Amino acid sequence: MTNPADMVPFAKTMGIQITEMTADRARAEMLVQPEICTAGNGTDKPSIHGGAVMTLADVVGAFGGWAALPEGANGTTTSESKTNFLNPAPEGEMVYAEALPLKAGRRQSVWQTRITLQDGTLVAVVTQTQIVL
């Protein structure tokens, strides 16, 4: 499968890989590279920057919203996003995002994205609203 995120230059730069995209679920993964980390504190390994977490969630939620567009719609755009940061994601780890629709309507869709590490540790929960264009 061609990576749909390659259509979005910033998502491609971030290394986001869309692994599933349907009207009922979107999934993506991203390697926590040094360029997307914040400084470590003391002896701790650097971890993913909050902006990178939000970018991953925005991209995967937007692709879910796009897959759920009603007939005749031209696209979608994020109008609101809220992030709860719960745990760090260390440099070198892969993070996984799964976005599920809370509502997919004619004028808007609301998606909740859970970002986890491979072992299931919850890194963040993001809720975003996509406006249907």
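For the charge count used on this tour, Lys and Arg are positive and Asp and Glu are negative, while His and the chain ends are left out. Keep in mind as you click around that this is a predicted model.

**Stop 1: the charges.** Select Lys and Arg in one colour, and Asp and Glu in another. The chain carries 9 positive and 13 negative charges, and the mean positions of the two sets lie 10 Å apart.

**Stop 2: the whole chain.** Switch to a cartoon view and you will find two helices and eight strands. Follow the chain from the N terminus and the elements come in the order α-β-β-β-β-α-β-β-β-β. Now show the C-alpha trace: along its principal axes it spans about 55 × 30 × 25 Å. The radius of gyration is 15 Å, which agrees with the value near 14 Å that a compact globule of 133 residues would have.

**Stop 3: surface and interior.** Turn on the surface. The chain exposes about 7,200 Å², with carbon and sulfur atoms supplying 51% of that area. Of the 133 residues, 38% are buried. If you list contacts between residues at least 6 apart in sequence, 59% of them join residues at least 24 apart.

**Stop 4: T83.** Next, select residues 76-85, which form strand 5, and pick out T83 there. Is T83 buried or exposed? T83 counts as buried because its relative accessibility is 17%, and the cut-off for buried is under 20%. To see what surrounds T83, leave out residues up to four places away in sequence and display its contacts: M54, A124, V125 and V126.

Technical notes
Residues are numbered from 1 along each chain as its sequence is written. This is a predicted model: local features need pLDDT of at least 70, side-chain atom pairs count only at pLDDT 80 or more; totals for chains, interfaces and linings use all residues. Side-chain values use heavy atoms; hydrogens and water are left out. Helices (H or I, at least four residues) and strands (E, at least two) are DSSP runs, numbered from the N terminus. The radius of gyration is taken over C-alpha atoms; the globule rule is 2.2 Å times the number of residues to the power 0.38. Buried means under 20% relative accessible area, exposed over 50%, partly exposed in between (1.4 Å probe, protein chains only). Contact means heavy atoms within 4.5 Å. Accessible areas come from the Shrake-Rupley method with a 1.4 Å probe; for residues, only the protein chains shown count as cover. The place of a charge is taken as NZ of Lys, CZ of Arg, CG of Asp or CD of Glu.
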